[in-house]
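Student: I have just opened this structure and would like to talk through its open and enclosed spaces. Could we go step by step?

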Amino acid sequence: MNRPVDRYLDRFPTLAPRPELFPTGLTVLRAIVAARWLAWGWMVGIVIAFRDELRHPLVAVVAVAATLALAGTSTGLLRSRPAALIHLPFVLTEAGFAIGLSIVDGYVYENGHVFATTQSIATQWPLLAAASAGLAFGPIVAAVLGSLIGPAELGGAIANDFDEWGTGPVVSICATSLFYAACGAVFGWQTRLLKRVEGEIADRRARDEVGRV
(Lines give C-alpha, C1' and ligand atoms only; values in the text may rest on other atoms or scores of the structure.)
Protein backbone atom coordinates (compact mmCIF):
# COMPACT_ATOMS: atom_id res chain seq x y z
CA MET A 1 0.00 0.00 0.00
CA ASN A 2 1.28 3.47 -0.83
CA ARG A 3 2.19 5.75 2.00
CA PRO A 4 0.18 9.00 2.43
CA VAL A 5 3.10 11.02 1.05
CA ASP A 6 3.26 8.80 -2.06
CA ARG A 7 -0.47 9.19 -2.65
CA TYR A 8 -0.09 12.97 -2.33
CA LEU A 9 2.73 13.05 -4.88
CA ASP A 10 0.68 10.91 -7.26
CA ARG A 11 -2.26 13.28 -6.94
CA PHE A 12 -0.27 16.47 -7.53
CA PRO A 13 2.62 15.44 -9.83
CA THR A 14 3.32 18.97 -11.09
CA LEU A 15 3.46 20.44 -7.60
CA ALA A 16 5.76 17.86 -6.02
CA PRO A 17 7.05 15.27 -8.51
CA ARG A 18 8.19 11.96 -7.10
CA PRO A 19 11.90 12.14 -6.20
CA GLU A 20 14.07 10.35 -8.73
CA LEU A 21 17.85 10.06 -8.53
CA PHE A 22 19.41 10.48 -11.96
CA PRO A 23 23.16 10.36 -12.81
CA THR A 24 23.76 14.12 -12.80
CA GLY A 25 21.61 14.40 -9.69
CA LEU A 26 24.00 12.06 -7.88
CA THR A 27 26.87 14.40 -8.77
CA VAL A 28 24.88 17.34 -7.42
CA LEU A 29 24.21 15.39 -4.22
CA ARG A 30 27.95 14.86 -3.76
CA ALA A 31 28.52 18.59 -4.15
CA ILE A 32 25.79 19.40 -1.60
CA VAL A 33 27.26 16.93 0.90
CA ALA A 34 30.69 18.55 0.53
CA ALA A 35 29.08 21.98 0.93
CA ARG A 36 27.46 20.84 4.19
CA TRP A 37 30.88 20.15 5.66
CA LEU A 38 32.11 23.56 4.51
CA ALA A 39 29.06 25.21 6.07
CA TRP A 40 29.64 23.32 9.32
CA GLY A 41 33.28 24.41 9.42
CA TRP A 42 32.22 27.99 8.78
CA MET A 43 29.68 27.69 11.59
CA VAL A 44 32.36 26.47 14.01
CA GLY A 45 34.59 29.37 13.02
CA ILE A 46 31.81 31.88 13.66
CA VAL A 47 31.03 30.47 17.10
CA ILE A 48 34.71 30.57 18.05
CA ALA A 49 35.38 34.02 16.61
CA PHE A 50 32.38 35.63 18.30
CA ARG A 51 32.35 33.53 21.48
CA ASP A 52 32.57 36.65 23.66
CA GLU A 53 29.19 37.79 22.32
CA LEU A 54 27.39 34.55 23.19
CA ARG A 55 24.84 34.73 25.97
CA HIS A 56 23.83 31.05 25.64
CA PRO A 57 27.05 29.28 24.64
CA LEU A 58 25.73 25.82 25.53
CA VAL A 59 22.89 26.20 23.03
CA ALA A 60 25.41 27.25 20.38
CA VAL A 61 27.50 24.15 21.08
CA VAL A 62 24.40 21.95 20.81
CA ALA A 63 23.56 23.58 17.46
CA VAL A 64 27.09 22.91 16.21
CA ALA A 65 26.88 19.28 17.35
CA ALA A 66 23.46 18.81 15.72
CA THR A 67 24.65 20.15 12.38
CA LEU A 68 27.72 17.91 12.63
CA ALA A 69 25.38 14.96 13.04
CA LEU A 70 23.37 16.09 10.01
CA ALA A 71 26.50 16.44 7.86
CA GLY A 72 27.75 13.04 9.01
CA THR A 73 24.39 11.42 8.35
CA SER A 74 24.27 12.86 4.83
CA THR A 75 27.75 11.51 4.13
CA GLY A 76 26.78 8.05 5.34
CA LEU A 77 23.59 8.05 3.29
CA LEU A 78 25.50 9.20 0.21
CA ARG A 79 27.66 6.09 0.46
CA SER A 80 24.95 3.60 1.35
CA ARG A 81 21.55 4.92 0.18
CA PRO A 82 21.99 8.16 -1.81
CA ALA A 83 18.34 8.21 -2.89
CA ALA A 84 17.36 8.77 0.76
CA LEU A 85 18.90 12.24 0.55
CA ILE A 86 16.15 13.40 -1.80
CA HIS A 87 13.26 11.76 0.00
CA LEU A 88 10.83 13.71 2.13
CA PRO A 89 12.15 12.84 5.65
CA PHE A 90 15.70 14.06 5.01
CA VAL A 91 14.63 17.10 2.98
CA LEU A 92 12.22 18.22 5.70
CA THR A 93 14.82 17.55 8.37
CA GLU A 94 17.36 19.76 6.63
CA ALA A 95 14.75 22.47 6.09
CA GLY A 96 13.91 22.26 9.78
CA PHE A 97 17.59 22.67 10.62
CA ALA A 98 17.84 25.76 8.41
CA ILE A 99 14.75 27.32 10.00
CA GLY A 100 15.81 26.34 13.52
CA LEU A 101 19.34 27.70 13.14
CA SER A 102 17.96 31.00 11.85
CA ILE A 103 15.89 31.30 15.02
CA VAL A 104 18.59 30.02 17.37
CA ASP A 105 21.05 32.57 15.96
CA GLY A 106 19.13 35.39 17.62
CA TYR A 107 18.72 33.44 20.84
CA VAL A 108 22.35 32.51 21.49
CA TYR A 109 23.85 35.97 20.93
CA GLU A 110 23.57 39.13 23.00
CA ASN A 111 21.03 41.81 22.15
CA GLY A 112 21.77 43.71 18.98
CA HIS A 113 23.20 40.77 17.06
CA VAL A 114 20.41 40.51 14.49
CA PHE A 115 20.50 42.83 11.48
CA ALA A 116 24.15 43.55 12.31
CA THR A 117 27.30 42.68 10.37
CA THR A 118 28.09 39.69 12.61
CA GLN A 119 27.79 36.39 10.74
CA SER A 120 24.81 34.15 11.51
CA ILE A 121 25.51 30.66 12.81
CA ALA A 122 23.01 29.43 10.23
CA THR A 123 25.66 30.31 7.59
CA GLN A 124 24.64 28.66 4.29
CA TRP A 125 22.32 25.98 5.70
CA PRO A 126 19.19 27.73 4.33
CA LEU A 127 20.74 27.76 0.85
CA LEU A 128 21.67 24.07 1.12
CA ALA A 129 18.16 23.21 2.26
CA ALA A 130 16.72 25.07 -0.73
CA ALA A 131 19.09 23.19 -3.04
CA SER A 132 18.09 19.81 -1.58
CA ALA A 133 14.39 20.61 -1.85
CA GLY A 134 14.80 21.78 -5.44
CA LEU A 135 16.69 18.64 -6.39
CA ALA A 136 14.11 16.44 -4.70
CA PHE A 137 10.74 18.05 -5.36
CA GLY A 138 11.15 20.75 -7.97
CA PRO A 139 10.83 24.54 -7.92
CA ILE A 140 7.45 25.02 -6.23
CA VAL A 141 8.13 23.04 -3.06
CA ALA A 142 11.67 24.42 -2.85
CA ALA A 143 10.39 27.99 -3.20
CA VAL A 144 7.82 27.45 -0.44
CA LEU A 145 10.46 26.04 1.94
CA GLY A 146 12.88 28.84 1.04
CA SER A 147 10.28 31.49 1.80
CA LEU A 148 10.11 30.26 5.42
CA ILE A 149 13.61 31.53 6.18
CA GLY A 150 12.39 35.12 6.42
CA PRO A 151 9.82 34.33 9.15
CA ALA A 152 12.52 32.25 10.87
CA GLU A 153 14.79 35.31 10.97
CA LEU A 154 11.86 37.24 12.41
CA GLY A 155 11.71 34.61 15.16
CA GLY A 156 15.44 35.05 15.70
CA ALA A 157 14.98 38.81 16.03
CA ILE A 158 12.25 38.30 18.62
CA ALA A 159 14.49 35.83 20.50
CA ASN A 160 17.24 38.47 20.40
CA ASP A 161 14.86 41.01 22.01
CA PHE A 162 15.11 43.27 18.99
CA ASP A 163 12.76 46.25 19.33
CA GLU A 164 13.98 48.82 16.81
CA TRP A 165 11.55 47.89 14.09
CA GLY A 166 11.40 50.05 11.02
CA THR A 167 11.53 49.89 7.27
CA GLY A 168 15.05 48.42 7.18
CA PRO A 169 14.44 45.27 9.27
CA VAL A 170 11.08 44.58 7.62
CA VAL A 171 12.58 44.89 4.15
CA SER A 172 15.48 42.66 5.23
CA ILE A 173 13.12 39.89 6.37
CA CYS A 174 11.02 40.11 3.20
CA ALA A 175 14.15 40.15 1.03
CA THR A 176 15.45 37.06 2.83
CA SER A 177 12.26 35.15 2.08
CA LEU A 178 12.31 36.24 -1.57
CA PHE A 179 15.99 35.39 -1.96
CA TYR A 180 15.78 31.84 -0.63
CA ALA A 181 12.47 31.21 -2.39
CA ALA A 182 14.11 32.29 -5.65
CA CYS A 183 17.13 30.08 -4.95
CA GLY A 184 14.89 27.08 -4.34
CA ALA A 185 12.93 27.76 -7.51
CA VAL A 186 16.11 28.07 -9.58
CA PHE A 187 17.56 24.86 -8.14
CA GLY A 188 14.33 23.02 -8.88
CA TRP A 189 14.08 24.43 -12.40
CA GLN A 190 17.68 23.48 -13.18
CA THR A 191 17.04 19.98 -11.87
CA ARG A 192 14.12 19.53 -14.24
CA LEU A 193 16.25 20.78 -17.12
CA LEU A 194 19.00 18.30 -16.27
CA LYS A 195 16.51 15.44 -16.10
CA ARG A 196 15.04 16.43 -19.44
CA VAL A 197 18.44 16.68 -21.10
CA GLU A 198 19.54 13.32 -19.71
CA GLY A 199 16.30 11.74 -20.92
CA GLU A 200 16.80 13.16 -24.41
CA ILE A 201 20.39 11.89 -24.52
CA ALA A 202 19.29 8.44 -23.38
CA ASP A 203 16.57 8.34 -26.04
CA ARG A 204 19.02 9.41 -28.74
CA ARG A 205 21.51 6.75 -27.71
CA ALA A 206 18.75 4.13 -27.74
CA ARG A 207 17.69 5.15 -31.26
CA ASP A 208 21.30 5.08 -32.45
CA GLU A 209 21.75 1.62 -30.97
CA VAL A 210 18.60 0.35 -32.66
CA GLY A 211 19.78 1.91 -35.95
CA ARG A 212 23.13 0.13 -35.71
CA VAL A 213 21.46 -3.19 -34.96
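Tutor: One definition comes first: Ala, Val, Leu, Ile, Met, Phe, Trp, Tyr, Cys and Pro count as nonpolar, Asp, Glu, Lys and Arg as charged, and the others, Gly among them, as polar. Please also keep in mind that this is a predicted model.

Student: How do the residues that line the largest pocket divide by class?

Tutor: The lining of the largest pocket has seven nonpolar, 10 polar and two charged residues.

Student: What volume does that pocket have?

Tutor: The volume of the largest pocket is about 400 Å³.

Student: Which residues lie nearest its centre?

Tutor: Those are D105, F115, T118, S120 and E153, out of 19 residues that line the largest pocket.

Student: And which helices each supply at least two residues of that lining?

Tutor: Helices α4, α6 and α7 each do so, with α7 covering 167–212.

Student: Let us turn to cavities. How many of 30 Å³ or more does a search of the whole structure find?

Tutor: The search finds one such cavity. The volume of the largest cavity is about 40 Å³.

Student: Which residues line it?

Tutor: The lining of the largest cavity is made up of A95, A98, I99, P126, A129, A130, L145, G146 and I149. By class, eight of the lining residues are nonpolar, one is polar and none is charged.

Student: Which is the polar one, and why?

Tutor: It is G146, because Gly is counted among the polar residues here.

Student: Which helix gives the most to this lining?

Tutor: Helix α5 does, with five residues. Both α4 (88–108) and α5 (125–147) supply at least two residues each.

Student: I149 is also on that list. Which helix meets α4 through I149?

Tutor: That is α6, where I149, A152, E153, G155, G156 and A159 meet A98, I99, S102, I103, G106 and Y107 of α4. By class, this contact of α4 with α6 has seven nonpolar, four polar and one charged residues.

Student: How do the axes of those two helices cross?

Tutor: The axes of α4 and α6 (residues 149–159) cross at roughly 25° and come within 6 Å. Angles under 35 degrees count as roughly parallel, so α4 is roughly parallel to α6. The crossing of α4 past α6 is right-handed.

Student: What about α5 and α6?

Tutor: Their axes come within 13 Å and cross at roughly 135°, which means that α5 is oblique to α6. On the α5 side the contact involves P126, L145, G146 and S147, and on the α6 side I149, G150 and P151. This contact of α5 with α6 has four nonpolar, three polar and no charged residues.

Student: One last topic: at what angle do α2 and α5 pack?

Tutor: Helix α2 (residues 23–49) packs with α5 at about 165°, and their axes are 10 Å apart. Angles over 145 degrees count as roughly antiparallel, and α2 and α5 are therefore roughly antiparallel to each other. Their crossing is left-handed.

Student: Which residues of α2 and α5 meet?

Tutor: From α2 they are G25, V28, L29, I32, A35, R36, A39, W40 and M43, and from α5 they are W125, L128, A131, S132 and L135. By class, the contact of α2 with α5 has 11 nonpolar, two polar and one charged residues.

Student: Which one is charged?

Tutor: The charged residue is R36 of α2, because Arg counts as charged.

Conventions. Residues are numbered from 1 along each chain as its sequence is written. This is a predicted model: local features need pLDDT of at least 70, side-chain atom pairs count only at pLDDT 80 or more; totals for chains, interfaces and linings use all residues. Side-chain values use heavy atoms; hydrogens and water are left out. On a 1 Å grid over the protein atoms alone, a cavity is a set of points where a 1.4 Å probe fits but cannot get out, and a pocket is an open set with protein on both sides within 12 Å along at least five of seven lines; lining residues have an atom within 4 Å of a point. Grid points are joined across faces, edges and corners, and a volume is the space filled by probe spheres set on the points. Helices (H or I, at least four residues) and strands (E, at least two) are DSSP runs, numbered from the N terminus. Axes are lines fitted to C-alpha atoms, for helices over the stretch in contact, and angles run from 0 to 180 degrees between N-to-C directions. Angles under 35 degrees count as roughly parallel, over 145 as roughly antiparallel, 65 to 115 as roughly perpendicular and the rest as oblique. A crossing is left-handed if the near helix is turned anticlockwise from the far one by less than a right angle, and right-handed if clockwise. Contact means heavy atoms within 4.5 Å.
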